[in-house]
Amino acid sequence: MALVSLAVRGFRNLRPVAVEFVPGGNYLFGPNGAGKTNLLEAIHYLAIGRSFRNCADNDMVGFGAELLVVSGSDSAGRRGEIRFDRSEKRAALDGTRVERLSDYLGWLSVVAVLLDDIELVRGSPALRRGFLDMAIAKSDRGYIPVLAAYRRVLAQRNQLLARRSFGGHEESGADGQLGVWDDELVRAGVAVYECRRAVVGKVLDDAAGFSGRLAGEPVRFAYAPSVDIAGGDPKGVFTARLAATRARSLVLGQTLVGPHRDDIRIRCGERDLRRFGSVGEQRLAGIALRLAEAELLAGRGGSPTFLLDEVASELDERRSRLLFELVEERGQVIYVAARRLAHGAGRAGTKEFHVETGEVHEVPPAE
């Protein structure tokens with residue numbers, strides 16, 4: 001479903017604004033620092049309750065403001081709202097308060113394609129795990145409690161390992177406690193792995209397909225779990241891996257295997273693109289992952305809204321046009337750039353907006 005209306009108040013440098021979008025292409029332009037990316041961030045916040053900049057809620061409240069409000073409606077008539085008053089965040093769907101953000105997430109499918117997505121390829125494994133987890137969470141609200149349960153158990157086990165690593169091994173019953181947390185970690189970890197296994201193959205196959213179209217050469221995306229539960233007894237395999245790494249875990253004071261240690265490996269031929277890829281190859285592979293995320297969302301609930309932040313400006317003309325073709329045929333597009341985009345100017349089914357000093361104004365089609 002497409003985002004039809006957006007109202008923003010108290011968000012970063014944006015003035016109170018109400019915008020109506022079309023289901024097709026929506027193109028925003030204006031000088032640097034005008035608030036274009038902030039508008040995309042507000043949409044992302046409306047959709048899933050968090051920023052794509054991974055910053056705290058307080059960082060998004062405008063200077064001098066005490067209340068942040070972002071609301072909007074989609075083409076099915078559903079309405080979402082997020083309010084944050086510097087102490088409490090409240091979400092509502094169709095006027096009814098939602099107590100848990102996990103029940104709010106996904107009412108509006110959004111995929112942000114950003115210049116920083118290059119870090120999905122050249123950055124740490126945690127970024128790739130985060131990408132995978134958020135893609136699953138957007139398409140399956142039940143995944144968040146599963147992942148949260150695993151993280152709680154992992155934190156408890158790591159605390160026990162850390163105490164023993166720093167001299168707490170004399171504690172009575174410590175070995176028994178660790179055995180209990182091993183069992184809990186296996187139970188929670190297998191649940192995470194089962195959720196990931198249900199989608200990761202398709203996501204990475206789609207990423208390879210998009211990468212081939214964009215880059216013109218085959219790129220392989222492979223899931224690299226630290227515990228391979230494919231085939232055999234998942235709980236038994238996980239338990240054996242914990243036992244095999246226990247001595248090392250006690251020395252380091254942390255759990256060395258499990259879903260929190262997995263990665264996505266990205267290779268072109270024999271080259272690991274994280275270490276040996278060019279900036280261009282890494283950027284295209286990051287875009288391919290985002291397009292694969294969009295395919296997952298489309299298959300589980302309708303066409304997504306693409307939020308693009310000048311990413312096409314870093315591509316050559318052929319790839320830029322191909323990217324627009326790929327997103328426009330898959331969902332709504334909201335694209336921001338410093339300059340007016342010839343690609344979108346005056347096309348049927350599109351709108352253009354000028355953004356400056358936090359104000360957003362629709363502009364007539366270019367002659």
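**Notes on the strands, core and packing helices**

1. A pleasant place to start is a single pair: Phe29 has His354 in E14 as its bridge partner. Bear in mind as you read on that this is a predicted model. The pair belongs to a longer match, since strand E3 (residues 25-29) runs parallel to E14 and is joined to E14 by five bridges.

2. Stay with E14 for a moment. This strand spans residues 350-356, and five of its seven residues are buried, leaving E14 mostly covered. E14 also pairs with strand E15 (residues 359-363), this time in the antiparallel sense, again over five bridges. Within that pairing, Phe353 is matched with Glu362 in E15.

3. The turn of this hairpin deserves a look. Two residues separate E14 from E15, and Thr357 has a positive phi near 45 degrees.

4. Now for the interior. The largest nonpolar core counts 106 residues, and Leu6, Phe11, Val70, Phe221, Phe238 and Ile266 have the most contacts inside it. Helix H6 (residues 174-215) is the biggest contributor to this core, giving 14 residues. If you would like one residue to click on, try Leu6: leaving aside residues up to four places away in sequence, Leu6 touches a group including Val17, Val19, Phe21, Leu39, Ile43 and Val70.

5. Helix H7 (residues 234-244) has a nicely readable pattern. Pro234, Phe238 and Leu242 are buried. Viewed down the axis of H7, the buried residues lie within an arc of 65 degrees, so they line one face of the helix. On the face turned away from that buried side, Ala243 and Ala244 are exposed.

6. Next, a second set of strands. E9, E10 and E11 make an open sheet in the order E9-E10-E11, with antiparallel pairing. Strand E9 (220-224) and strand E11 (271-272) are at the edges and have a single partner strand each, so one side of each has no neighbour in the sheet. Between E9 and strand E10 (residues 263-268) there are five bridges, and Ala224 finds its bridge partner in Asp263 of E10.

7. Which strands of this sheet does helix H4 touch? Helix H4 (residues 125-139) packs on the sheet against E9 and E10, and its direction makes about 105 degrees with that of E10. Helix H10 (residues 279-299) is worth viewing alongside: H10 lies across E9, E10 and E11 and runs at about 65 degrees to E9.

Technical notes:
Residues numbered from 1 in each chain as written. Predicted model: local features only at pLDDT ≥ 70, side-chain atom pairs only at ≥ 80, totals over all residues. Heavy atoms only, no water. Buried < 20%, exposed > 50% of the residue type's maximum accessible area, 1.4 Å probe, protein only. Helix = DSSP H or I, 4+ residues; strand = E, 2+ residues; numbered from the N terminus. Pairing = 2+ DSSP bridges. Core = buried A, V, L, I, M, F, W, Y, C linked by side-chain atoms within 4.5 Å. Contact = heavy atoms within 4.5 Å. Arc of directions from axis to C-beta. Axes fitted to C-alpha atoms, helices over the stretch in contact; angles between N-to-C directions.
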